[in-house]
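Here is a chat for anyone who likes to see where a label comes from. Shall we go through the terms one by one and hold the values against their cut-offs?

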Amino acid sequence: MATKPQRKTSACRRRAARAALAALVALAVVAAGLGGLVVWQNTYDLREEAVTVRYGGRTLHAVLALPKRGKGPFPLVVVAHGDGPVDATHDGFYRPMWEAFARAGYASLSWNKPGVGGAPGDWLDQTMEDRAQEAADAIAWARQRPDVDGRRIGLWGASQAGWVLPKIAAKDGRIRFAIAVSPAVNWHRQGRYNLIAELRRDGASDAEVAAALRRRETGLKLLGRGATYEEYVRAVGDPQGMTAARWRFVSKNHTADAGADLPALRGVPVLLVLAGHDVNVDTADTEAAYRRLLPAPSLRVTHYPDATHGLVRHDVERSSLRLTLTALCAPRALFAEGFLADQRQFLSSLDTEGPRR
C-alpha cells in the first residue's frame, strides 16, 4: 500500500504530465495555425503551368502564370531578370507580382536563366544582346499559343534588365508596353555609384572609399584592353569575390549603355519604377535618361521613397529576421506600399489606350 508521500508524488507527476500534454497540444495548434497561415498567404489567385520554350534552337525552362479564370487569349507580361542566378519564380519573389498582373487580366512568362534549375547553358556566358534574343525567341514562342494574345505582349524587367528591355523592343516592333523597375542605364556610372553607396552605407572611411575607387579604376583599365582574369588578380591581389567566370561576364558587358537602345521604346507606354533607398542604381541618373529619351505622355514615373532596389520595404529588408518572416507569412507585404496595385492599374489602363504609334 502506497504511503501518503508516494501518493502525493504520483499525483504531482500526473498533473505535470497533463500539463506537458496540454502544452504540446497548444503548441501543435499554434503550429498548425501558423502552417495554415503560411499556406494561405502563399496561395495566389492565378494558375501556374510549367512549360518548355523551344524556339530558334534554344530551350528554356519556364513558368506561364495565367489568370485564375478564363481560357484567354490573355495579354502577356514577359519577365526579364536582374543580375544573378535567377530561376523562373525568383524563389517565389515574383508570385505577388504575377498575381497583380493576373488580376488585371494578364498572363506572365518567366524562365530559369541558363544553368539555373537544370536549364542548359551558363548565364555568365551571356551578353545583354544574348539575353534580349532569348526573350525575343520566348515571345515568338508565346505568340503561337492560343491562350496568349500576340497583339498585346509587353515587358517587365528589373535592374540589369534595364539593358535588356530596350534591346528586346528594338528586335520586336510589336512590344505593347514595358515596366522598368530600378533599371540601370550606364554600366560604368552605375558601378561607381553602387560601390560608393554600399561603402558609405557600411560606414567606410574616406580613405577606404578612395582605395576602392583606385582599385576599380585599375579593373576598368584592364577591361578596356581585354585583360585576362589572371592579369586582373596579379594587378589587384585579393579578387574579393570576382571569379574567373564573373570576370568573363563583366568583360562582355561592361560597355553596356541603355541610352543607345531606349529610343526603341518611344511611343510605347513605359512605367518607370524608382526606389528611395536604392544603393545599386542611381535613380536620379536613370530618371534623367528616361525623361530625355522617352518623351511624355508615354512615360510614367513612380517613386517609392521607402523602398529598396528590389522594391522591398526598407524597414523589412534591413532586418533579416523580419524579412524571412514576412516572406513566409505575408509575402505581398514585402513590397513598398502601392507597388503591386500601381502595376495592376498601369496594365489595366492599357486596354483603354490607343494603339502604339
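**Labels and their cut-offs**

Q: Which residues of α12 are called buried, and what makes them so?
A: In α12 the buried residues are F339, L340, Q343, F346, L347, S349 and L350. They get the label because their relative accessible area is under 20% (over 50% is exposed, in between is partly exposed; 1.4 Å probe, protein chains only). This is a predicted model with residues numbered from 1 along each chain as its sequence is written, and side-chain values use heavy atoms without hydrogens or water. Local features need pLDDT of at least 70 and side-chain atom pairs 80 or more, while totals for chains, interfaces and linings use all residues.

Q: What do the buried residues of α12 pack against?
A: Their partners are β3, α2 (95–103), β5, β6 (178–181), β7 (270–277) and β8 (299–308). Contact here means heavy atoms within 4.5 Å.

Q: How do you know that the length of α12 fits the expected span?
A: α12 (residues 339–350) has 12 residues and reaches 17 Å from its first C-alpha to its last, close to the 16 Å expected. That expected figure is 1.5 Å times one less than the number of residues. Helix α6 (residues 206–224) can be put to the test as well: its 19 residues reach 27 Å, close to the 27 Å expected.

Q: Which residues of α6 are buried, and what do they pack against?
A: V209, A212, L213, R216, G219, L222 and L223 are the buried residues of α6, and they pack against α5 (187–201), α7 (229–236) and α8. After α6 comes G226, with a positive phi near 70°.

Q: How many helices and strands are there, and what makes a stretch count as one?
A: The protein has 12 helices and 8 strands. They are DSSP runs, numbered from the N terminus: H or I over at least four residues for a helix, E over at least two for a strand.

Q: Why is R145 called buried?
A: R145 has a relative accessible area of 18%, so it counts as buried. This residue is found in the loop between α3 and β5 (148–158). Apart from neighbours within four places in sequence, R145 is in contact with E49, V51 and L64.

Q: What makes the pairing of R145 with E49 a polar contact?
A: The side chains of R145 and E49 are joined at 3.4 Å, and the rule asks for N or O atoms within 3.5 Å, one able to donate a hydrogen and the other to accept it (for residues adjacent in sequence, both must be side-chain atoms). R145 also has a side-chain polar contact with D147, at 2.9 Å. In the loop between α3 and β5 you will find R143 too, whose side chain makes a polar contact of 2.8 Å with that of D172.

Q: Is T255 called buried or exposed, and why?
A: T255 has 61% relative accessibility, so it is exposed. T255 sits in the loop between α8 (244–253) and β7.

Q: Why does H90 get the label it has for accessibility?
A: H90 is at 32%, so it counts as partly exposed. H90 lies in the loop between β3 and α2, and its phi is positive, near 55°, in a residue other than glycine.

Q: What about S159: buried or exposed, and why?
A: S159 has a relative accessible area of 15%, so it is buried. Its phi, near 60°, is positive in a residue other than glycine, and S159 belongs to the loop between β5 and α4 (165–171).

Q: Which peptide bonds are called cis?
A: One cis bond joins G72 and P73, with omega about 5°. Another runs from A296 to P297, with omega near 5°. P73 is in the loop between β2 (58–67) and β3, whereas P297 is in the loop between α9 (283–293) and β8.

Q: How much of the protein counts as buried?
A: Of its 357 residues, 46% count as buried.
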